[in-house]
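Hello,

Here is the structure we talked about. Please open it alongside the notes below.

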Amino acid sequence: MKINLNFSRFLFIVCSCAYFLLLACSSEKEIPAEGFIDVNGGKVWYRIDGKVDKTPILILHGGPGSSSIGQEPLKQLSDQWPVVFYDQLGSGRSDRFKDTSLITVERYVEEVEQVRKELNLEKIYLYGQSWGTALSLEYYLKYPQHIEGVIFSSPYFSTKRWIKDAKELVKTLPDSVQTIIKTNEQNKTFDNQEYKDAVSLFYSKFLRRKERSQEAKDTASKYFGTKVYEYMWGPSEFTATGTLLHYDRIDKLSEVKVPVLFITGEYDEARPSTVKYYQSLVPDARYQEISNSGHATLNDNPEEALKAVEKFLQEIE
């Protein structure tokens with residue numbers, strides 16, 4: 001009887017341990033390398049590259065309304081850090097908006113938080129590009145406890161400052177082109193072909209200087225969230241008419257207390273002089289100018305841009 005009692009106790013202990021072990025394992029959700037996440041307004045697409053045990057890099061693409069397609073070169077860093085791509089709602093492979101009242105900066109911040117939680121990313125590096133830098137700053141201001149460092153690539157923090165810089169760049173275009181831009185903006189004839197050609201010329205100098213393949217163009221066009229871009233920003237990079245018209249958070253840069261790297265292209269519409277000014281507002285922030293590049297540094301000079309990000313992350317680790 002004594003032997004049976006001891007055996008029963010032993011069996012009880014083994015079963016209890018097995019139960020709690022199974023419970024602990026089941027509480028750790030296995031996260032697929034690619035999929036969709038439910039957020040307020042629909043589903044957003046994500047993909048995780050790399051399985052190294054380090055702080056992941058979460059990519060916030062530009063636009064608003066662009067996609068993570070243009071950030072694909074960052075995948076090359078996945079042998080050192082997990083790289084998390086995702087398309088913001090309204091663009092890329094994610095759902096489109098059915099309700100424009102949801103297209104707000106505040107909702108996008110909460111979208112980033114929903115993605116972070118769903119993917120179980122306790123600590124992250126943020127890589128924001130263009131509009132994605134504003135979103136990175138907004139997210140940091142609300143959830144600083146999750147951020148180990150921030151890369152502000154070709155930053156946008158103020159519509160007023162952005163338009164001021166854009167007007168300076170427009171002045172470098174031929175007089176005839178400047179007249180076309182001025183006339184069509186006054187008449188709000190943004191569908192005019194001459195205006196579109198002027199926009200294309202501006203983009204070839206300051207947005208993307210290196211020509212993409214036709215396949216890359218078609219893919220980017222397919223995934224671009226025009227509705228979001230026009231609703232939040234406007235008809236072109238140098239004309240703001242949307243909900244971001246009065247956006248300005250330059251005064252909040254001094255509140256960033258984690259390591260920061262500012263990146264801009266030599267010919268970027270986020271002009272080097274402006275980005276250096278932003279850098280001066282963030283304690284101990286680093287700055288890197290990418291040669292022979294416009295706004296799309298990962299398109300125009302990916303080797304130099306990736307090297308800057310890699311060096312920054314290695315140094316802060």
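**Helices on the sheet, and a closer look at α4**

Start with helix α3, residues 131-142. It lies across β3, β5 (124-129) and β6 (147-153). Its direction is at about 145 degrees to β5. Bear in mind that this is a predicted model.

Helix α11 (residues 302-316) also packs over strands: β3, β5, β6, β7 (260-265) and β8. It runs at about 165 degrees to β8.

The sheet itself is open and has eight strands. Their order is β1-β2-β4-β3-β5-β6-β7-β8, and the pairing is mixed. β1 (34-39) and β8 (286-290) are the edge strands, each pairing on one side only. From one strand to the next, the twist averages 25 degrees.

Inside the sheet, β3 (residues 57-60) and β4 (residues 83-86) run parallel, joined by two bridges. L58 stands opposite V84 in β4.

Now α4, residues 159-170. Twelve residues at 1.5 Å each should span 16 Å, and the end C-alpha atoms are 16 Å apart, so the two agree.

Which residues of α4 are buried? They are T159, W162, I163, D165, A166, L169 and V170. Seen down the helix axis, they fall within an arc of 165 degrees, so they line one face of α4. An α-helix has 3.6 residues a turn, so residues three or four places apart point the same way. The face turned away from the buried side carries exposed K160, K164 and K167.

The cover over the buried residues of α4 includes α5 (175-187), α6 (193-206) and α9 (272-281). At the start of α4, a side-chain oxygen of S158 comes to within 3.4 Å of the backbone nitrogen of K160.

Best wishes

Methods: Residues are numbered from 1 along each chain as its sequence is written. This is a predicted model: local features need pLDDT of at least 70, side-chain atom pairs count only at pLDDT 80 or more; totals for chains, interfaces and linings use all residues. Side-chain values use heavy atoms; hydrogens and water are left out. Two strands pair if DSSP finds at least two bridges between them. Helices (H or I, at least four residues) and strands (E, at least two) are DSSP runs, numbered from the N terminus. Axes are lines fitted to C-alpha atoms, for helices over the stretch in contact, and angles run from 0 to 180 degrees between N-to-C directions. Contact means heavy atoms within 4.5 Å. The expected span of a helix is 1.5 Å times one less than its number of residues. Buried means under 20% relative accessible area, exposed over 50%, partly exposed in between (1.4 Å probe, protein chains only). The arc is that of the directions from the helix axis to the C-beta atoms. A polar contact is a pair of N or O atoms within 3.5 Å; within protein, one must be able to donate a hydrogen and the other to accept it, and residues adjacent in sequence count only if both atoms are side-chain atoms.
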